Amino acid sequence: MFHVGSRSTVDLEEEITPEEVKSILLRFVFQSLDYDNSENQLFLEEERRMSHMGFRCLEIRRWVICGLIGFLTGLIACLIDIAVEELAGYKYSAVKQNIEKFTEFGGLSISLILWAALNSAFVMVGAIAVAFFEPIAAGSGIPQIKCYLNGVKIPCVVRLKTLAIKVFGVICSVAGGLAVGKEGPMIHSGAVVAAGVSQGRSTSLKKDFKIFEYFRRDTEKRDFVSAGAAAGVSAAFGAPVGGVLFSLEEGASFWNQMLTWRIFFASMISTFTLNFFLSIYHGKPGELSSPGLINFGRFDSDVSSVSISFSYSDAYIHRPCLQVMEAMLVAAVTATVAFAMIYFSNDCQPLGQDSTEEYPLQLFCADGEYNSMATAFFNTPERSVRSLFHNPPGSYNPLTLGVFTLVYFVLAVWTYGLTVSAGVFIPSLLIGAAWGRLFGILLSTITSSQSIWADPGKYALIGAAAQLGGIVRMTLSLTVIMVEATGNVTYGFPIMLVLMTAKIVGDYFIEGLYDIHIKLQSVPFLHWDAPPTSHWLTAREVMSSPVTCFNRVERVGRIVDVLSNTSTNHNGFPVVPGKICGLILRSQLIVLLKHKVFVERASSRLSQRRLQLKDFRDAYPRFPPIQSIHVSQDERECMMDLNEFMNPTPYTVPQETSLPRVFKLFRALGLRHLVVVDDENRVVGLVTRKDLARYHLGKDGLEELQLAQT
């Protein structure tokens, strides 16, 4: 149990026991985003000056930005797809020729060494880029984007450098033969594109195009990041509607009707752009039917015709060089295991005239036959999934599928913890497709009549949906994604049925993968509702106090001292001449200090132009640290008038308000600060994200988490 009202902290640099580590699930390093507009005098004056036509123009710009997001996300998806196809094609062609050569003359160990060396080389390059240049690019990026849309500021998550490393890293990871996919990084890439395009500038390149300046605030940026994430899903699966539902179900915490249509527009543009350029690349500019990076092929309803970047290792391996070596080791082991599985497999299938095998390996099979195990291992994961979905009955024997499922599951679990850019969607689909097809084969084997059962490829589709749904706990959006990717609505009901079952069973034992990932990162993530047993707690017991407040006209020296205090690092300050009359943010005060907005300068000949909202937007989002602003000793004695810049109508609650009510208000409005007042409207405390996130429902009831200082 815990002491109500006391917020315990722990310094992670001190020696602590493993039991204490488990209780440190929130960290001060994560700050909140300002999803609530500061309606100060500058903001209200700008809004009142804007005509009806001006607001119409802003809405048109939002649509233009969403179109640009979709177009650029589609281009990036096309680049990833072409690069992976070319590199993987070169690798598998070289290894295939080597295997065919040494199968006849002996010395297959050389082929194994070549395969392992090529895998390790690709993965080494990608891991170096991630480990040494941008560690936030590791993993899929979906948990980080989910946190961003929830209102948590994850450092470097939507920067241009992160995008470049993410794209380069996922190309190397997939081409390197790891048990990974490219769909998660595509979602992250779309979000980064949206965050950059919507601001009309690049802070990394220090280039300002002087456009879209109105949207330089967290509220607007959040909506565009939602559109970017949806465009990434659409580009990965060719599922525009699924992209919208994914952003709604798994990502966005705030939604409105107009946002739905803009996100759908971005998703459609993303899919069309990808299909257009891929059709040109494949020499078929008139065909725009390729459904995204992950083409499941089209399932016909006729049964007889089928036409088709917290990593777990971070807790143990901290040095970048060791992380790179671990990734290379996994790549080499993956190639070795795959080679051994193919070598010892005697599952030989006839190679027909209409065979769709990309790299068929004969190995020890008879002429005119190919090794079926090689179809699953000697391929990119996307092609392996398609073969399990669409190869005719009899293409795999049960032993091949059973062994492949177990081995690939172990490899996927090991690979997920690496410091590489990688997604978990495709490995999950591949594992589920393998045991799903195995289930279909066994059904027809144990019964006397085979005609009553569907094609094994149909069971592979259902198994893939169940496996992925059990891992990520998506229901409605994943159903639509699978339906759009297969091109047949017939399978909508069984897919939804298995996804609901997978979610119910999975939630009984443990949270979904993304929620576990967020918890391991100690992120103060706010779920939809407060813990069920928290009604007996009030705002007075969960708030932070005492609160640092400023007067309407405050001395510059005190402001500088408060902002420079590293032990508190507050970001919001109530303005109180007794009773609360406003709230001002750290970022606003820094801009005021930077521009020397002092009362003495305003009343003298040294007065500068009147500060505008543009000055605050130009400093967004990387506001300078207080240490970089020089304030002389004379200036410290000056006064600063906060009336024009503070938010005069901050949200407040009485100190007797219950925790669920505080939580609902804070969560629904996307607040960063919620002021707690007494009966006379005097400030008694401040509720922030960490004050609410530290309460959760544990095994012994309501528990309070400790806060780490680093």
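Is R473 buried or exposed? Select R473 and you have the answer: at 10% relative accessibility, R473 counts as buried. Here, buried means under 20% relative accessible area, exposed means over 50%, and partly exposed is in between, using a 1.4 Å probe and protein chains only.

Before going on, a word about what you're looking at. This is a predicted model, in which local features need pLDDT of at least 70 and side-chain atom pairs count only at pLDDT 80 or more, while totals for chains, interfaces and linings use all residues. Residues are numbered from 1 along each chain as its sequence is written, and side-chain values use heavy atoms, with hydrogens and water left out.

**Stop 1: salt bridges**

Keep R473 selected and add D507. The two form a salt bridge, with 2.7 Å between the closest N and O atoms. The term covers a side-chain nitrogen of Lys or Arg within 4 Å of a carboxyl oxygen of Asp or Glu. R473 sits in the loop between α16 (456–472) and α17 (476–486), while D507 belongs to helix α18 (residues 492–509), so this pair ties together parts that are 34 residues apart in sequence. Helices here are DSSP runs of H or I with at least four residues, strands are runs of E with at least two, and both are numbered from the N terminus. Unlike its buried partner, D507 counts as partly exposed, at 40% relative accessibility.

Next, select R216 and D208. They form another salt bridge, and their closest N and O atoms are 2.8 Å apart. R216 is buried, with a relative accessible area of 2%, whereas D208 counts as partly exposed at 25%.

Now try K519 and E511, a salt bridge with its closest N and O atoms 3.0 Å apart. Both ends are partly exposed: K519 has 39% relative accessibility and E511 has a relative accessible area of 30%.

For a group rather than a pair, select E59, R62, R217, E220 and R262, which are linked in a network of salt bridges. A search of the whole structure finds 25 salt bridges, so feel free to hunt for others.

**Stop 2: cysteines**

How many disulfides does the structure hold? There is one, where a disulfide is a pair of cysteine sulfur atoms within 2.5 Å. Select C348 and C365 to find it: their sulfur atoms are 2.0 Å apart. The link is left-handed, with -80° about the S-S bond. It joins distant parts of the chain, 17 residues apart: C348 is in strand β7 (residues 348–350), and C365 is in the loop between β7 and β8 (369–371). C348 counts as partly exposed at 26% relative accessibility, while C365 is buried, with a relative accessible area of 7%.

Then select C549. Why is there no bond from C549 to C581? The closest cysteine sulfur to that of C549 is the one in C581, and at 9.8 Å it is too far for a bond. C549 is buried, with a relative accessible area of 19%. Another cysteine to click on is C321, which counts as partly exposed at 32% relative accessibility.

**Stop 3: a three-stranded sheet**

Move along to β13, β14 and β15. They make an open sheet in the order β13-β14-β15, with mixed pairing; two strands pair if DSSP finds at least two bridges between them. β13 (652–654) and β15 (683–687) are the edge strands, each pairing on one side only. On average, neighbouring strands here are turned by 30° against each other, direction ignored.

Zoom in on β14 (residues 674–677), which runs antiparallel to β15 and is joined to it by four bridges. Select V675 and you can find its bridge partner, L686, in β15. L674 has V687 of β15 as its bridge partner. The hairpin of β14 and β15 has five residues between the strands, and there N681 takes a positive phi near 65°. β15 itself is mostly covered, with four of its five residues buried.

Now show helix α26 (residues 659–669). It lies across β13, β14 and β15, running at about 145° to β14. Axes are lines fitted to C-alpha atoms, for helices over the stretch in contact (heavy atoms within 4.5 Å), and angles run from 0 to 180 degrees between N-to-C directions.

**Last stop: a hairpin**

Finish with β16 (residues 695–698) and β17 (residues 701–704), antiparallel strands joined by four bridges. They form a hairpin with two residues between them. Select Y695 to see its bridge partner in β17, E704.
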